[in-house]
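Reader: I am new to this structure and would like to go through it with you. May I ask short questions as they occur to me?

Author: Please do.

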Amino acid sequence: MDLESVDTVLMPRARAELPVWSEGSALLGGGTWLFSEPQPGIRRLVDLAALGCENLAVDGEGLHIAGTCTIAALSRFTPPPEWRAGDLIGRCCEALLGSLKVWNAATVGGNICLALPAGPMIALAVALGGIATLWPPDGGERRVPVADLVLGERRTALADGEILRSVLLPLAALRPRFALRKMSLTTLGLPAALAIGTRDQKGGFALTLPAATVRPIRLVFATPPSPAILAARIERAVGRPGLWQEDIHGDRAWRRHLSLTFAEEIRQELAVS
């Protein structure tokens with residue numbers, strides 16, 4: 001869709017060239033959402049792809065994913081064999097509803113910053129303890145767990161003009177075993193419920209619930225819990241605060257049922273040594 005109110009497009013080649021933030025500006029990643037509907041209040045676009053950030057980098061900390069890395073580029077990454085949770089990267093990329101054209105434009109940072117409950121990059125980052133590196137508009141940088149960055153549907157902890165520079169998936173989080181369950185109303189539809197479990201080499205168990213919840217929920221246990229304890233923790237974390245999501249993709253009761261069912265299936269799968 002043409003954005004007829006836009007009269008300026010800036011293409012900064014380095015952070016020093018980023019403009020002073022002002023009302024009516026928007027950060028442009030892949031633009032798959034930005035160009036999907038009218039944006040009458042936007043007069044200036046700042047194209048982050050022009051920064052030329054390296055898509056992916058592996059070091060002693062883990063996997064660094066640039067905010068401007070496309071879903072397609074991430075999906076082509078081949079993790080080392082010792083990263084048993086590495087296959088989760090491809091599985092979450094496949095959960096993004098979209099054509100190859102969308103895959104080649106949509107960015108990891110854009111998917112996270114849009115903060116939709118079904119955002120698969122949110123699910124990936126939260127399940128693997130992702131840490132976002134942010135560039136505030138006044139300089140410096142700060143690191144925030146992605147679980148704390150996404151506050152609710154279309155709500156984040158980002159300040160105006162703040163840029164998600166990259167996401168780190170820590171090395172320790174890439175080594176555990178994982179299990180995933182997903183349900184959509186249609187074969188290629190957005191996930192109505194998604195559950196991801198991990199179990200590390202010390203026996204620690206974690207469960208992440210995005211999609212069915214208005215914001216991602218991650219529960220951590222020293223050892224795999226009993227069915228009753230797991231269900232009770234989910235109820236305390238999601239049910240009591242009223243965080244079950246409801247929209248055209250499914251009502252709260254159905255999503256709660258799916259999430260509890262998936263959680264127990266994952267618990268059983270990962271409880272096996």
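Reader: Which residues does Thr107 touch, not counting those up to four places away in sequence?

Author: This is a predicted model. In it, Thr107 touches Gly29, Gly30, Gly67, Thr68, Cys69, Thr70 and Ile71, with residues up to four places away in sequence not counted.

Reader: Where does Thr107 lie?

Author: The loop between helix H3 (100-103) and helix H4 (108-114) holds Thr107.

Reader: Is Thr107 buried or exposed?

Author: Thr107 is buried, as its relative accessible area is 6%.

Reader: And what does the side chain of Thr107 reach?

Author: The side chain of Thr107 reaches the backbone nitrogen of Gly110, at 3.0 Å.

Reader: Let us change topic. How many disulfides does a search of the whole structure find?

Author: The search finds zero disulfides. Cys92 is in none, and the nearest cysteine sulfur to its own is that of Cys93, 7.4 Å away. Likewise, Cys93 is in no disulfide, with the sulfur of Cys92 as the nearest cysteine sulfur.

Reader: Why does that pair not count as a disulfide?

Author: A disulfide requires two cysteine sulfur atoms within 2.5 Å, and the sulfur of Cys93 is 7.4 Å from that of Cys92.

Reader: Are these two buried or exposed?

Author: Cys92 is buried, with a relative accessible area of 1%. Cys93 is also buried, and its value is 0%.

Reader: Now the interior. How many residues has the largest nonpolar core?

Author: That core has 53 residues. Those with the most contacts inside it are Leu63, Leu74, Leu88, Ile112, Met121, Leu124 and Leu169.

Reader: Which helix gives the most to this core?

Author: Helix H5 (residues 120-127) does, with seven residues.

Reader: You named Leu88. What is Leu88 in contact with, leaving aside neighbours within four places in sequence?

Author: Leu88 is in contact with Leu124, Ala127, Leu128, Phe178, Leu180 and Ile196, once those neighbours are left aside.

Reader: What lies apart from the largest core?

Author: Another core, of 22 residues, lies apart from it; Phe205, Phe221, Ala237 and Ala263 are among its members.

Reader: One last residue, please. Where does Ser166 lie, and what does Ser166 touch?

Author: Ser166 lies in strand S10, which spans residues 163-170. Ser166 is buried, with a relative accessible area of 11%. Not counting residues up to four places away in sequence, Ser166 touches Ile65, Ala66, Gly67, Ile131, Ala132 and Thr133. Gly67 is thus a residue that Ser166 touches and that Thr107 touches.

Terms used. Residues numbered from 1 in each chain as written. Predicted model: local features only at pLDDT ≥ 70, side-chain atom pairs only at ≥ 80, totals over all residues. Heavy atoms only, no water. Buried < 20%, exposed > 50% of the residue type's maximum accessible area, 1.4 Å probe, protein only. Helix = DSSP H or I, 4+ residues; strand = E, 2+ residues; numbered from the N terminus. Contact = heavy atoms within 4.5 Å. Core = buried A, V, L, I, M, F, W, Y, C linked by side-chain atoms within 4.5 Å. Polar contact = N/O pair within 3.5 Å; in protein donor to acceptor, adjacent residues only side chain to side chain.
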